Amino acid sequence: MVKSEVLTLVDQGLRLPLMEEFYTIQGEGFHKGTAAYFIRVGGCDVGCHWCDVKESWNADTHPPTDILHIVKNAATYSDTIVVTGGEPLTWDMGPLTEALKAKNLQTHIETSGAYVLTGTWDWICLSPKKNKLPVGTIYDKADELKVIVYNKHDLIFAEEQAARVNKDCILYLQPEWSVREKVTPLIVDYVMQNPKWKVSLQTHKYLNIP
Ligand SMILES: C[S@@+](CC[C@H](N)C(=O)[O-])C[C@H]1O[C@@H](n2cnc3c(N)ncnc32)[C@H](O)[C@@H]1O
Ligand SMILES: Nc1nc2[nH]cc(C(=O)O)c2c(=O)[nH]1
Ligand code: SF4
Ligand SMILES: [Mg+2]
């Protein structure tokens, strides 16, 4: 296939730049501890300086992969599929999630919300970033809000974001991994003082699993 045809398919969400896929335990947030198959789609220009998957950013380094191939494979591993990245909403998530739902799989997304929400989701984890705030109606639809705490100011940002989500959205504060020893005590104090929040840890990193 010629390059322009492939780009059109990516544009339509029929192929996606696939960085990696793996069966593991969801490490973070509400579903932590639950086995799930992860699909990591490349491409992100949000630019978090502490991002733990910077290799995902450049979509051109990840092969444009047929979504039907991705889904057929994913279905052999788990009933729960987590789509992450990169920033999955860089792309049209409609076709991928339709194909996952056609196989009766639970669709979860990890997103910054920096681009318009596409796709059909059973669970939306919104992790807003200061440098590219969420757009559109995702605040109304998020099932969990997961704010990464790198410094004290992020607690103020967390409250600003919590003021925008729907009333059923579950609120999490998650330490940025490289400063976890410094910020975890701050988060612990904050959650005890403000119990609408819960602590989320990247438990997969403690378990030494992907
Ligand atoms: C790599 S991101 C991919 C999905 C999407 N771009 C996003 O940011 O939500 C997956 C999750 O990991 C979180 N994350 C990334 N780097 C982290 C780090 N160094 N420490 C803690 N959480 C991190 C993000 O905030 C997000 O909730
Ligand atoms: N085990 C595991 N849980 C996760 N939860 C969110 C992750 C992500 O990178 O989106 C992630 C990840 O990379 N691994
Ligand atoms: S939005 Fe997500 S993938 Fe993009 S830089 Fe930030 S943490 Fe990394
Ligand atoms: Mg991760």
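**Cys48 and its companions**

I went to Cys48 first and found it in the loop between S2 and S3. This is a predicted model, and I kept that in mind throughout. Is Cys48 buried, exposed or partly exposed? I counted 19 other C-beta atoms within 10 Å, and being buried takes 20 or more, so Cys48 is partly exposed.

Cys51 sits in the loop between S2 and S3. Its count is 16 C-beta neighbours inside 10 Å, so Cys51 goes down as partly exposed too.

I then checked the UniProt record, an unreviewed entry, which lists Cys44, Cys48 and Cys51 under "binding site". Which residues are around ligand 3? I noted Cys44, Cys48 and Cys51 among them, along with Val46, Gly47, Val53, Ser56, Gly85, Gly86, Glu87, Ser112 and Lys129. Sorted by class, the ligand 3 shell has five nonpolar, five polar and two charged residues.

**Ligand 2 and another annotation**

Next I looked up a second "binding site" annotation in the unreviewed UniProt entry, and it covers Ile25, Gln26, Gly27, Arg40, Thr84 and Pro210. Around ligand 2 I found Thr24, Ile25, Gln26, Gly27, Glu28, Thr84, Glu110, His204 and Pro210. That shell splits into two nonpolar, five polar and two charged residues.

I picked two of these residues for a proper look. Ile25 belongs to strand S1. It has 15 other C-beta atoms within 10 Å, so I wrote it down as partly exposed. Skipping neighbours within four places in sequence, Ile25 contacts Gly33, Thr34, Ala35, His204 and Ile209.

Gly27 is in the loop between S1 and S2. I got 21 other C-beta atoms within 10 Å, so Gly27 is buried. Leaving out residues up to four places away in sequence, Gly27 touches Lys32, Gln202, Thr203, His204 and Lys205.

**Ligand 1**

How many residues surround ligand 1? I got 18, and the closest are Asp52, Glu87, Glu110, Ser127 and Trp177. Strands S4 (80-85), S5 (106-111) and S7 (144-149) each put at least two residues into this shell. By class I noted six nonpolar, seven polar and five charged.

**The core**

I moved on to the largest nonpolar core, which has 41 residues; Ile39, Ile81, Val83, Leu145 and Leu173 touch the most other members. Which strand gives the most to this core? Strand S2 (residues 35-41) does, with five residues. My general reminder is that nonpolar side chains tend to be buried together in soluble globular proteins.

I followed up Ile81. Ignoring neighbours within four places in sequence, its contacts are Ala36, Tyr37, Ile39, Ala74, Leu100, Leu105, Gln106, Thr107 and His108.

**Two helices**

In helix H2 (residues 67-74), I marked Ile67, Ile70, Val71 and Ala74 as buried. Looking down the H2 axis, the buried residues fall within an arc of 95 degrees, so they line one face of the helix. An α-helix has 3.6 residues a turn, so residues three or four places apart point the same way. On the other side of H2, His69 and Lys72 are exposed. I also checked what the buried residues of H2 pack against: strands S1 (15-25), S2, S3 (64-66) and S4, plus helix H3 (94-102).

Helix H1 (residues 3-11) is hardly covered, and my count of buried residues among its nine is zero. Just after H1, Gly13 has a positive phi of about 75 degrees.

**Last look-up**

The unreviewed UniProt entry lists residues 31-210 as "domain: Radical SAM core". Over residues 31-210 I noted 28% helix and 23% strand, with the end C-alpha atoms 16 Å apart.

Conventions
Residues numbered from 1 in each chain as written. Chains lettered and ligands numbered in written order. Predicted model: local features only at pLDDT ≥ 70, side-chain atom pairs only at ≥ 80, totals over all residues. UniProt positions renumbered as here; feature names shortened; annotations may be inferred. Helix = DSSP H or I, 4+ residues; strand = E, 2+ residues; numbered from the N terminus. Near = placed C-beta within 6 Å. Nonpolar A, V, L, I, M, F, W, Y, C, P; charged D, E, K, R; others polar. Buried ≥ 20, exposed ≤ 12 C-beta atoms within 10 Å, placed from the backbone. Core = buried A, V, L, I, M, F, W, Y, C linked by C-beta atoms within 7 Å. Contact = placed C-beta atoms within 7 Å. Arc of directions from axis to C-beta.
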